[in-house]
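The following exercises are to be worked with the sequence and the coordinates at hand. Each task is followed by a solution in steps.

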Amino acid sequence: MKLVIAVIRPEKLDDVREALVAAEITRITVTRATGHGQYLGEDLYRGQIHVPDLYPKVRLEIACNDEFVEIIIDAILRGARQNGGKVGDGKILVVPLEQCIRIRTGERGGSAI
């Protein structure tokens with residue numbers, strides 16, 4: 001089992017969700033997040049250059065069995081990448097998932113996902 005975590009631009013959420021649904025991935029968790037990577041752009045605010053500390057992002061978390069990892073990654077890449085790819089498009093992290101337990105039934109493992 002794996003946990004796929006993606007941090008993307010908020011405006012790309014609908015595109016990513018549509019790509020995931022087209023790939024028959026429907027169980028996702030979405031949270032609002034803020035952060036920045038290496039790129040720190042400058043904004044013009046009231047006539048002064050301002051370097052923002054954090055940019056709004058969206059964090060997706062998808063628990064899946066191993067055979068779905070590449071399907072999920074491909075769907076996120078299709079939906080989140082801007083024309084040709086741009087700085088700030090986001091990151092995808094894949095981490096091992098030790099356990100998954102369905103609270104309602106107590107079921108454990110891959111079938112609980």
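**Exercise 1.** Which side chain meets that of arginine 102 in a salt bridge?

*Solution.* The model is a predicted one.
Step 1. Apply the distance criterion: a side-chain nitrogen of Lys or Arg must lie within 4 Å of a carboxyl oxygen of Asp or Glu.
Step 2. The partner is glutamate 107, with an N to O distance of 3.7 Å, so the pair satisfies the 4 Å criterion.
Step 3. Classify the two residues by accessibility. Arginine 102 has a relative accessible area of 23% and is partly exposed; glutamate 107, at 30%, is also partly exposed.

**Exercise 2.** Determine whether lysine 12 and aspartate 15 are buried or partly exposed.

*Solution.*
Step 1. Establish the contact: lysine 12 and aspartate 15 form a salt bridge, and their closest N and O atoms are 3.1 Å apart.
Step 2. Recall that buried means under 20% relative accessible area, and that partly exposed lies between this value and 50%.
Step 3. Lysine 12 has 14% relative accessibility and therefore counts as buried.
Step 4. Aspartate 15 has 33% and therefore counts as partly exposed. This salt bridge thus joins a buried lysine to a partly exposed aspartate.

**Exercise 3.** Characterise the salt bridge between arginine 59 and glutamate 61, and state how many salt bridges the whole structure contains.

*Solution.*
Step 1. The side chains of arginine 59 and glutamate 61 meet at 2.7 Å, N to O.
Step 2. Arginine 59 is partly exposed at 31% relative accessibility, and glutamate 61 is partly exposed at 26%.
Step 3. A search of the whole structure gives 4 salt bridges.

**Exercise 4.** Describe the fold and the overall dimensions of the chain.

*Solution.*
Step 1. Count the elements: the chain has 2 helices and 6 strands, arranged along the sequence as β-α-β-β-β-β-α-β.
Step 2. Compare the radius of gyration with the globule rule: the chain has 17 Å, whereas a compact globule of 113 residues would have a value near 13 Å.
Step 3. Consider the extents: the C-alpha trace spans about 60 × 25 × 20 Å along its principal axes.
Step 4. Examine the contacts: among those with a separation of 6 or more, 70% involve residues 24 or more positions apart.

**Exercise 5.** What percentage of the residues of the chain count as buried, and how far apart are the mean positions of its charges?

*Solution.*
Step 1. Of the 113 residues, 27% count as buried.
Step 2. The chain exposes about 8,000 Å², of which carbon and sulfur atoms supply 50%.
Step 3. There are 16 positive and 16 negative charges, and their mean positions lie 3 Å apart.

Notes:
Residues numbered from 1 in each chain as written. Predicted model: local features only at pLDDT ≥ 70, side-chain atom pairs only at ≥ 80, totals over all residues. Heavy atoms only, no water. Buried < 20%, exposed > 50% of the residue type's maximum accessible area, 1.4 Å probe, protein only. Helix = DSSP H or I, 4+ residues; strand = E, 2+ residues; numbered from the N terminus. Rg over C-alpha atoms; globule rule 2.2 N^0.38 Å. Contact = heavy atoms within 4.5 Å. Areas by Shrake-Rupley, 256 points an atom, 1.4 Å probe, with all protein chains shown as cover. Lys, Arg positive; Asp, Glu negative; His and termini not counted. Charge placed at Lys NZ, Arg CZ, Asp CG, Glu CD.
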